[in-house]
Amino acid sequence: MAKAGHFDLLVDLLKLEGAEEEKRLAEQSRRLGASAEKQGTALTSLVIRDENPALGGRVIVTLAKRNQSLRLPWNRLSVGSPVLLTEEGVSDQRGWRGVVCGRSSQTIEIAFAQSPETESERPTYRVVLSSDEFGRQRQRG
């Protein structure tokens with residue numbers, strides 16, 4: 001019985017760690033602003049171009065610059081990279097974790113567990129390179 005309590009505590013602590021890291025990444029993303037995009041760890045001023053259902057109840061969201069003729073700047077967000085999507089101009093939000101599943105010169109496709117819900121009518125988004133949340137989920141068992 002003592003072991004079960006230990007593992008329950010461990011799961012709770014892993015959840016807390018994940019939530020805090022998510023908040024920290026969102027805050028860091030807002031604080032860095034345009035410099036994060038120049039460093040290649042973020043993309044800013046993106047809009048959702050398309051959403052499609054995927055396997056396992058996931059959704060694939062295609063993002064691009066609002067001006068469709070603009071290419072995405074150089075970045076380190078490659079297929080398989082864990083990312084955090086946040087709505088620009090909204091404070092105290094956590095964002096949505098996803099994984100880059102496709103990209104082109106003008107778009108980036110990200111797989112999410114659920115479709116992003118926005119607070120504004122014509123939102124713009126920021127995508128930031130994130131930590132690997134899947135490793136933490138594997139630890140939870």
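**A buried aromatic pair and its surroundings**

Both W96 and Y125 are buried. These two residues belong to a predicted model, and they make a handy way into it. The structure holds 1 aromatic pair, and its rings, those of W96 and Y125, sit with their centres 6.4 Å apart and their planes at 65°, so the arrangement is edge-to-face. In sequence the partners are 29 residues apart, with W96 in strand β4 and Y125 in strand β6, and the pair thus links distant parts of the chain. In general, two numbers describe such a pair of aromatic rings: the distance of the centres and the angle of the planes.

Stepping back to the whole chain, there are 3 helices and 6 strands. Reading from the N terminus, the order is α-α-β-β-β-β-β-β-α. The chain has 141 residues, and 38% of them count as buried. Among contacts with a separation of 6 or more, 63% come from residues 24 or more positions apart. As for the outside, the accessible surface comes to about 8,500 Å², and carbon and sulfur atoms account for 51% of that.

Next comes the interior. The largest nonpolar core has 16 residues, and the members that touch the most others are L63, I108, I110 and V127. Every one of the strands β1 (42-53), β2 (59-65), β3 (82-87), β4, β5 and β6 (125-129) supplies at least two residues of this core. In soluble globular proteins, nonpolar side chains tend to be buried together. L63 has a long list of partners once neighbours within four places in sequence are set aside: L46, V47, I48, R49, L85, Q106, T107, I108, I110, Y125 and V127. That list includes I108, I110 and V127, which are named with L63 as the best-connected core members, and also Y125, one half of the aromatic pair.

T62 is found in strand β2 as well. With a relative accessible area of 9%, T62 is buried. Leaving out residues up to four places away in sequence, T62 touches V47, I48, R49, D50, T107, I108 and E109. V47, I48, R49, T107 and I108 appear among the contacts of T62 and also among those of L63.

Loops contribute to the buried part too. S81, in the loop between β2 and β3, has a relative accessible area of 8% and so counts as buried. Setting aside residues up to four places away in sequence, S81 is in touch with R76, G98, V99, V100 and L129. Of these contacts, L129 falls within the range of β6 (125-129), while G98, V99 and V100 fall within that of β4 (96-103).

Charged side chains add one more link. The structure holds 1 salt bridge, formed by E88 and R126, whose closest N and O atoms are 3.9 Å apart. E88 lies in the loop between β3 and β4 and R126 in strand β6, so this pair ties together parts that are 38 residues apart in sequence. The two partners are not equally covered: R126 counts as buried at 9% relative accessibility, whereas E88 is partly exposed, with a relative accessible area of 22%. The cut-off for buried is under 20%, so E88 falls outside that class. Side chains of opposite charge can pair when their charged atoms come close.

Two other loop positions are worth a look. S104 has its place between β4 (96-103) and β5 (107-112) and is partly exposed, with a relative accessible area of 36%. From S104 to L72 the C-alpha distance is 8.3 Å, although 32 residues separate the two in sequence. R122, in the loop between β5 and β6, is exposed, with a relative accessible area of 61%. The C-alpha atoms of R122 and I48 are separated by 9.6 Å, and the two residues are 74 residues apart along the chain.

Finally, there is a nonpolar feature on the outside. L9, L13 and L16 form a surface patch with about 300 Å² of accessible area together. L16 lies in helix α1 (residues 2-32), and its relative accessible area of 55% makes L16 exposed.

Conventions
Residues numbered from 1 in each chain as written. Predicted model: local features only at pLDDT ≥ 70, side-chain atom pairs only at ≥ 80, totals over all residues. Heavy atoms only, no water. Helix = DSSP H or I, 4+ residues; strand = E, 2+ residues; numbered from the N terminus. Buried < 20%, exposed > 50% of the residue type's maximum accessible area, 1.4 Å probe, protein only. Contact = heavy atoms within 4.5 Å. Areas by Shrake-Rupley, 256 points an atom, 1.4 Å probe, with all protein chains shown as cover. Core = buried A, V, L, I, M, F, W, Y, C linked by side-chain atoms within 4.5 Å. Patch = residues over 30% accessible without salt bridge, like charges linked within 9 Å, V, L, I, M, F, W, Y side chains within 5 Å. Salt bridge = Lys/Arg side-chain N within 4 Å of Asp/Glu carboxyl O. Phe/Tyr/Trp six-rings, centres within 6.5 Å; stacked < 30°, edge-to-face > 60°.
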